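This report describes a protein chain with a ligand. The topics are the domains, the ligand shell and the aromatic pairs.

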Amino acid sequence: MMTLGILGGGQLARMLCLDARRMGLRTVVWSGTPTAEPTEGVADLVLKRNFDDVEALEEFCSQVDVATVEFENIPLETLRAVEQAVGLYPSAESIGVSQHRSREKTFFRERGIPCAPFMLVNSLAELKAAHEEIGPNTVLKTAAFGYDGKGQVKITSVDELEAAWDSVEGGPSVLEGFVDFQCEVSVLVARDQGGSCLAFPVAENEHRNHILDLTIVPARVSVETLAEAESIAIRLAEELDYRGLLAVEFFVEKSGHVVVNEMAPRPHNSGHFTMNGCVTSQFEQQLRSVCGLPLGSTELLSDTVMVNLLSDMWNPDLKTSEICATEGAKLHLYGKSSLGERRKLGHVNVVGGHDVEARARQLKKKLLSFLVNSH
Ligand code: AMP
């Protein structure tokens, strides 16, 4: 029996383990943290040790046949050591590109991948110069990745530059032009060891306070926009000589053309719709590409809307029956007990029939009304 090693112990690792178990693979999770709740009882073995622990590295590598990641912020030395010992897909080099916004944006520019105009800034003086060049409407983002809108601030006039610089604590940053988009979409693409590439249907994403709220599939954009997003995602996978699953997030401009916002070398929140909406889930596809199996069909079986369950709208006692009462709703919980501020606790995929969006929005409204009533 083949054993897959997974670096990271959050919900993405959990869902990867669940598909691995269904397909007869063993899994070993190295969480890099003292707790790894989502993978407990789901992985065959969980190593709750730091990523700089050399004994943990040895133990992990002695247990697995091949490895992958569920998040990108893992020390490059650890990734390289795992890669040398057992093979790592995607490669340490590909993951490295995604670890820093500045590296990633520079990669896009060098390869002619369309993205918002940007400049790297390392001082207030550089920020002022960059703002003069790109402004007035811009977004300042820390170069080391924040997530879910953390480490970024919108700037609309020169008066805001100093406060913005303070808010990123004067660290290396990227100033980019604000994109006046019509919507945001994402594409998950898998590439196998032979270089074959398959994209999942383009997903349309709505955010609430910078965190993904709803994913609607198929995305409601023109066929030209769909084709453009898909071909850029595939081109990125090829430029990276990628093996594994790659998520690419785009802004759709008013013109219908797309620009890349960012990419993630792993399964993605906006790809959870595949778990009930497609022949193959994004997790199964990652397993297939990492373990050297043929890629699975990415065909969409039904219109699908995914509703994210954040801790601010979730109380399991109240909500499980409500969700089960919604036609075509499939509940996925991540096994997290702590209800920290706006944590992702699970998601619901609504599938089947012609009115999935209406059913999903109604379900969301109900979940939020519980929230209002419980305060
Ligand atoms: P990020 O963490 O870079 O994915 O940004 C989180 C969200 O902030 C995006 O999904 C957008 O909704 C918004 N955002 C980020 N950068 C820009 C930009 N350059 N122009 C417009 N909106 C942006």
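## Model and domains

Domain bounds are taken from an automatic or database domain assignment. For the protein chain, this assignment gives domain 1 (3-88), domain 2 (117-177) and domain 3 (181-374). The centres of domain 2 and domain 3, taken over C-alpha atoms, are separated by 29 Å.

The model is predicted: local features need pLDDT of at least 70 and side-chain atom pairs count only at pLDDT 80 or more, while totals for chains, interfaces and linings use all residues. Residues are numbered from 1 along each chain as its sequence is written, and side-chain values use heavy atoms, with hydrogens and water left out.

## Ligand shell

The ligand is surrounded by 16 residues (a residue is near a molecule if one of its heavy atoms lies within 4 Å of it), and the closest are Lys-141, Glu-176, Gly-177, Val-179 and Glu-184. Both domain 2 (117-177) and domain 3 (181-374) give residues to this shell, so the ligand lies between them. At least two shell residues come from each of strand E6 (138-142), strand E8 (173-177), strand E9 (181-191) and strand E14 (258-264); strands are DSSP runs of at least two residues and helices of at least four, numbered from the N terminus.

By class, the shell has five nonpolar, six polar and five charged residues. Here Ala, Val, Leu, Ile, Met, Phe, Trp, Tyr, Cys and Pro count as nonpolar, Asp, Glu, Lys and Arg as charged, and the others, Gly among them, as polar.

## Polar contacts and burial of the ligand

A polar contact is a pair of N or O atoms within 3.5 Å. A polar side-chain atom of Glu-184 lies 2.6 Å from a ligand oxygen atom. For Glu-262, the distance from a side-chain N or O atom to an oxygen atom of the ligand is 3.2 Å, and for Arg-101 it is 3.3 Å. Taken alone, the ligand exposes 470 Å², of which the protein buries 93%; the areas come from the Shrake-Rupley method with a 1.4 Å probe.

## Aromatic pairs

Rings of Phe, Tyr and Trp (its six-membered ring) pair if their centres lie within 6.5 Å; planes under 30 degrees apart count as stacked, over 60 as edge-to-face and the rest as tilted. The count comes to four aromatic pairs. Trp-30 and Phe-60 form a tilted pair, 5.5 Å centre to centre with 45° between the planes. Trp-30 lies in strand E2 (residues 26-30) and Phe-60 in helix H2 (residues 54-63), so the pair ties together parts that are 30 residues apart in sequence. Trp-30 is buried (under 20% relative accessible area; exposed is over 50%, partly exposed in between; 1.4 Å probe, protein chains only), at 0%.

Terms used:
Polar contact = N/O pair within 3.5 Å; in protein donor to acceptor, adjacent residues only side chain to side chain.
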